[in-house]
Structures are given as structure tokens and as C-alpha cells.
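Q: Hi! Could you walk me through this structure in plain words?

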Amino acid sequence: MLQALEPAAIAQDDSETLSENVFRRIQAAIVKGEIAPGSKISEPELARTYGISRGPLREAIHRLEGQRLLVRIPHVGARVVSLNHAELIELYEIRESLEGMACRLAAERMSDEDIAELRRVLETHERDEAFQAGVGYYQQEGDFDFHYKIIQGSGNRTLTQMLCGELYQLVRMYRIQFSTTPNRPHQAFAEHHRILDAIADRDGELAELLMRRHIGASKRNIARHYQDSAQQTATPRGES
């Protein structure tokens, strides 16, 4: 069940503000997995939950469809996106190529202050309680996101629009979903540090290679997840 808005927010008269508020709340719930992939979106239920009229709510839903977090199915309605194995691998293949390019450009174009800020981002990640416990590696969005900062640092507007706009929240959704795999949080963090060191050394070729390897490791992690799930499904009950 979605959490209701704070009473002060519900009492606001500005429908645009309410729509933005609801958009952000539903977006966060989907990305963090609080609304499960494949879940049907009920407009009447959401309208009651958030105390908002159907007009602003539909505007928020339309924006979520634009971010590919919701898909509209004929005669069914809107559902939370749920990529299958092949679709998810394709998404990571795109990331591997484009984020590798972004990393190379960032090594060439980021200022020394930008690189210092990127290092501070990793220091913030290291202090996260879930990360220290080894149970997850959650990165807040935007300027607190290591990948986002590198893409922004590439200085390529088209690349930034693709990776920090159209695909960003969809990618975050699956990054968060698979960040809790045992041992992966600390491995990913170590990989981030090696990427940062290559950027700081202005070695664009190495930075690109390390980013591609980093995303490739995540892609293999996803493939193992689906393989393990398939094996568990195929194992008859009573067997171990």
C-alpha cells in the first residue's frame, strides 16, 4: 500500500504542485521496489490514497509512462514495468556502451573540482549503513549518484539526455533491485574507486574499459540471478 501524503501537502490548492508531489512519490516507490514490478495501477485507489483529483493524477501517470516506469496495456490499463531477462540484458548492453563512452569523455573534460566532488560522493556512499553492513549499495538520485555525475561530466548533451533523462529512473530501478546481491555492494564500490582513479589520472581509455567491465559484471550478475531462478523453478518439490 502506498503511503499517503502528509496532511499539509494534501491541503495545498495548487494542482500542479500536487501533481508534482504525487509524481515524485510514486516514482520513488516504483524505483525502490515498494510498488512491485508488474503491479496494476488503479487510478481511483491512487486518487484516494493521495487525496488528489483524477486530472493531476493522470498527468503524473503520463509522466511516469514517459520515464518507462509505467506501461499502458490495451484493455488492462497502466502497470509498473517488468522487463524480462532479454530486455534487461539489452538495457545493460546499452549502458555498457554509452556509459563507457561517457566515462572516457569525463576523464578528458571534468574539472579537478568535479573530480574532487565525485570522490566526496563515494565517501558519502561508504558511510551508508546498509553498505557498511554489506546488504546493499543504495545511491540517491542525481548529484549523489556516481554514474549520474560521470555522465554529466562527459559534457555531451545528447548522451546526458539519454542516460540521465529518458532511461535514468528505469536503470535506477534495476540497479537498486540487484544491488543487494551477496558480495556485490563492496565489489561495486571497489570498481567505482578504480574508475575514479582512472578519471583522475586523465586516462580516458582505461576509464572507459573499467566502466564497461563494471557494468558487464552487473550484467553477468543479472544473468546468474535468472539462471538460479530458472533452476529453482525446475527443481521438483522435496528436492534440494
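The chat below goes through some empty spaces, a few residues and a surface patch.

A: Happy to! This is a predicted model, where local features need pLDDT of at least 70, side-chain atom pairs count only at pLDDT 80 or more, and totals for chains, interfaces and linings use all residues. Residues are numbered from 1 along each chain as its sequence is written, and side-chain values use heavy atoms, with hydrogens and water left out.

Q: Cool. How many cavities of 30 Å³ or more does the structure hold?
A: There are 2. On a 1 Å grid over the protein atoms alone, a cavity is a set of points where a 1.4 Å probe fits but cannot get out.

Q: What volume does the largest cavity have?
A: About 290 Å³, where volume is the space filled by probe spheres set on the points, joined across faces, edges and corners.

Q: And what lines the largest cavity?
A: The lining has 20 residues (each with an atom within 4 Å of a point). Nearest the centre of the largest cavity are Gln-139, Arg-175, Ser-179, Ala-188 and Ser-218.

Q: Which helix gives the most to that lining?
A: Helix 12, with 5 residues. Helices here are DSSP runs (H or I, at least four residues), numbered from the N terminus.

Q: Let's pick a residue. Is Ala-207 buried or exposed?
A: Ala-207, in helix 12 (residues 204-234), is buried, because its relative accessible area is 0%. Buried means under 20%, exposed over 50%, and partly exposed in between (1.4 Å probe, protein chains only).

Q: What does Ala-207 touch, leaving aside neighbours within four places in sequence?
A: Ala-207 is in contact (heavy atoms within 4.5 Å) with Cys-103, Ala-107, Ala-198 and Ile-199. Ala-207 also sits 9.1 Å from Met-101, C-alpha to C-alpha, although the two are 106 residues apart in sequence.

Q: New topic: why does Gln-169 count as buried?
A: Because its relative accessibility is 5%. Gln-169 is part of helix 10 (residues 168-178). Beyond neighbours within four places in sequence, the contacts of Gln-169 are Gln-27, Val-31, Gln-67, Leu-69 and Glu-141.

Q: Which residues form the nonpolar patch on the surface?
A: Val-71, Ile-73 and Val-76, with about 180 Å² of accessible area together (Shrake-Rupley method, 1.4 Å probe, only the protein chains shown counting as cover). Ile-73 belongs to strand 1 (residues 70-73; a strand is a DSSP run of E, at least two). Ile-73 is partly exposed, because its relative accessible area is 34%.

Key
Patch = residues over 30% accessible without salt bridge, like charges linked within 9 Å, V, L, I, M, F, W, Y side chains within 5 Å. Salt bridge = Lys/Arg side-chain N within 4 Å of Asp/Glu carboxyl O. 1 Å grid on protein atoms, 1.4 Å probe; cavity = no way out; pocket = protein on both sides within 12 Å on 5 of 7 lines; lining within 4 Å.
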